[in-house]
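The following explanation is intended for a reader who meets this structure for the first time. Please keep the sequence and the three-dimensional view at hand while reading.

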Amino acid sequence: MQIGMIGLGKMGANMSRRLMTAGHGCVVYARTAKTREALAKNGATAASSLEDLAKRLGPGPRVVWLMLPAGQVTDDTVTTLSGLLTPGDIIVDGGNSFYKDDIRRAKALTEKGIQYVDCGTSGGVWGIERGYCMMIGGPKAAVEHLDPIFSALAPGQGDIARTPGRDGADGRAEQGYIHAGPSGAGHFVKMVHNGIEYGLMQAYGEGFDILRNKDSEDLPEAERFTLNLPDIAEVWRRGSVISSWLLDLSAAALAKDPQLATYSGFVQDSGEGRWTVEAAIEEAVPAQVITAALYARFRSRQDSAFAEKMLSAMRFGFGGHLEGQESIDPEHKPRPLDAAA
């Protein structure tokens with residue numbers, strides 16, 4: 001199957017490579033020629049513009065996948081593509097767009113006969129190896145047409161044990177992707193996913209900060225412990241009820257640098273945590289943990305504790321996000337995970 005990929009950043013480029021490895025053809029576009037040419041060396045067809053990309057795609061329905069920052073740049077690109085594509089063609093937004101924007105775009109594109117699919121995509125910089133978890137919204141026919149693409153990008157069942165009681169359920173979930181519902185549903189599910197991620201990361205960060213400060217001089221001497229954080233993270237990975245990929249990333253970061261000196265503790269938020277809190281307010285759902293985790297990120301930009309350095313380490317681990325550490329260690333790179341991660 002042939003697909004156009006627009007946006008060749010940390011995820012877009014690797015998704016293109018994973019698709020090509022699975023036998024799909026990719027026509028790719030990014031604003032910088034160097035980025036396009038790098039994918040061309042891997043077998044992609046480089047387009048010089050959006051117009052060129054639309055022309056290079058084969059007979060319809062043509063499929064164009066966007067991996068761009070949420071907001072105006074995605075809006076502008078969708079608008080431009082709507083004038084280049086024809087009825088029956090499909091636009092997929094795989095970035096982190098706000099789900100209400102998806103609903104608006106889908107309505108406008110439907111009037112032109114163009115199908116719009118929103119795909120919340122999780123996997124970060126490791127998705128090329130691990131696969132991408134995808135939460136998809138849009139018309140059923142378009143999603144089914146794209147199934148070969150989703151299947152190639154997804155992680156597959158792997159060695160994860162089947163959940164008891166799922167006999168007869170949609171098998172796509174076990175492969176790592178779902179059709180969540182109509183336009184906007186995919187990004188809504190991904191938005192809440194990221195809100196939960198905020199809370200989990202904050203709990204790990206605070207927990208390790210408590211462990212680290214157990215040798216504080218403010219405590220009675222008999223109650224002070226000097227604890228080995230890399231060993232604690234490692235032992236928790238193996239059989240504990242709080243094991244997770246986030247803990248794997250934390251263990252890798254602590255093994256390399258127990259003090260996390262290469263991290264600033266300045267923690268960004270992608271916007272999806274804010275949107276999750278807004279949705280909770282609209283639905284009158286109490287979301288104390290996610291809200292507090294979002295506010296902790298705001299606070300980190302004023303003064304940082306070890307907990308925020310833990311958050312930075314995890315964000316760098318799964319997404320390659322640089323948050324100040326590049327000025328401390330310009331050679332800092334993600335640490336590969338072992339087979340258990």
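The paragraphs below treat the sheet, a pair of helices, the salt bridges and a serine in turn. The model under discussion is a predicted one.

The sheet offers a convenient starting point. Eight strands form an open sheet, that is, 8 strands in the order β3-β2-β1-β4-β5-β6-β7-β8, and their pairing is mixed. At its edges lie β3 (45–46) and β8 (177–181), each of which pairs on one side only. Within the sheet, strand β1 (residues 2–6) runs parallel to strand β4 (residues 63–66), the two being joined over 3 bridges. One position illustrates this pairing: Gly4 has Val64 in β4 as its bridge partner. Helix α4 packs on the sheet, where it touches β1, β4 and β5 (90–93). The direction of α4 makes about 170 degrees with that of β4. Angles over 145 degrees count as roughly antiparallel.

From the sheet, attention may pass to the helix that α4 meets. Two packed helices are described by the angle between their axes and the distance between the axes. Helix α4 spans residues 72–82 and helix α5 spans residues 99–110; their axes come within 11 Å and cross at roughly 10 degrees. Because of this crossing angle, α4 is roughly parallel to α5. On the α4 side, the contact involves Thr74, Asp75, Val78 and Ser82, and these meet Arg104, Arg105 and Leu109 in α5. Sorted by class, the residues of this contact comprise 2 nonpolar, 2 polar and 3 charged ones.

The charged residues lead to the next topic. Side chains of opposite charge can pair when their charged atoms come close. The structure holds 20 salt bridges. One of them joins the side chains of Asp75 and Arg104, at 3.1 Å from N to O. This pair links distant parts of the chain, since Asp75 lies in helix α4 and Arg104 in helix α5, 29 residues apart. How do the two partners stand with respect to the surface, buried or exposed? Asp75 has a relative accessible area of 16% and is therefore buried, whereas Arg104, at 43%, is partly exposed. Both residues also belong to a wider network of salt bridges, in which Asp75, Asp93, Asp101, Asp102, Arg104 and Arg105 are linked.

Helix α5 takes part in a further salt bridge, between Lys100 and Glu282, whose closest N and O atoms are 2.8 Å apart. Lys100 lies in helix α5 and Glu282 in helix α13 (residues 272–283), so this pair ties together parts that are 182 residues apart in sequence. Lys100 is partly exposed, with a relative accessible area of 37%, while Glu282 is exposed, with a value of 51%. Another salt bridge connects Lys107 with Glu111, the closest N and O atoms being 3.4 Å apart. In this pair, Lys107 and Glu111 are both exposed.

A final stop is a serine in another helix. Ser250 lies in helix α12, which covers residues 245–256. Which residues does Ser250 touch, not counting those up to four places away in sequence? With that exclusion, Ser250 touches Met310 and Met314. The relative accessible area of Ser250 is 0%, and the residue is therefore buried.

Methods
Residues are numbered from 1 along each chain as its sequence is written. This is a predicted model: local features need pLDDT of at least 70, side-chain atom pairs count only at pLDDT 80 or more; totals for chains, interfaces and linings use all residues. Side-chain values use heavy atoms; hydrogens and water are left out. Axes are lines fitted to C-alpha atoms, for helices over the stretch in contact, and angles run from 0 to 180 degrees between N-to-C directions. Helices (H or I, at least four residues) and strands (E, at least two) are DSSP runs, numbered from the N terminus. Angles under 35 degrees count as roughly parallel, over 145 as roughly antiparallel, 65 to 115 as roughly perpendicular and the rest as oblique. Contact means heavy atoms within 4.5 Å. Ala, Val, Leu, Ile, Met, Phe, Trp, Tyr, Cys and Pro count as nonpolar, Asp, Glu, Lys and Arg as charged, and the others, Gly among them, as polar. Two strands pair if DSSP finds at least two bridges between them. A salt bridge is a side-chain nitrogen of Lys or Arg within 4 Å of a carboxyl oxygen of Asp or Glu. Buried means under 20% relative accessible area, exposed over 50%, partly exposed in between (1.4 Å probe, protein chains only).
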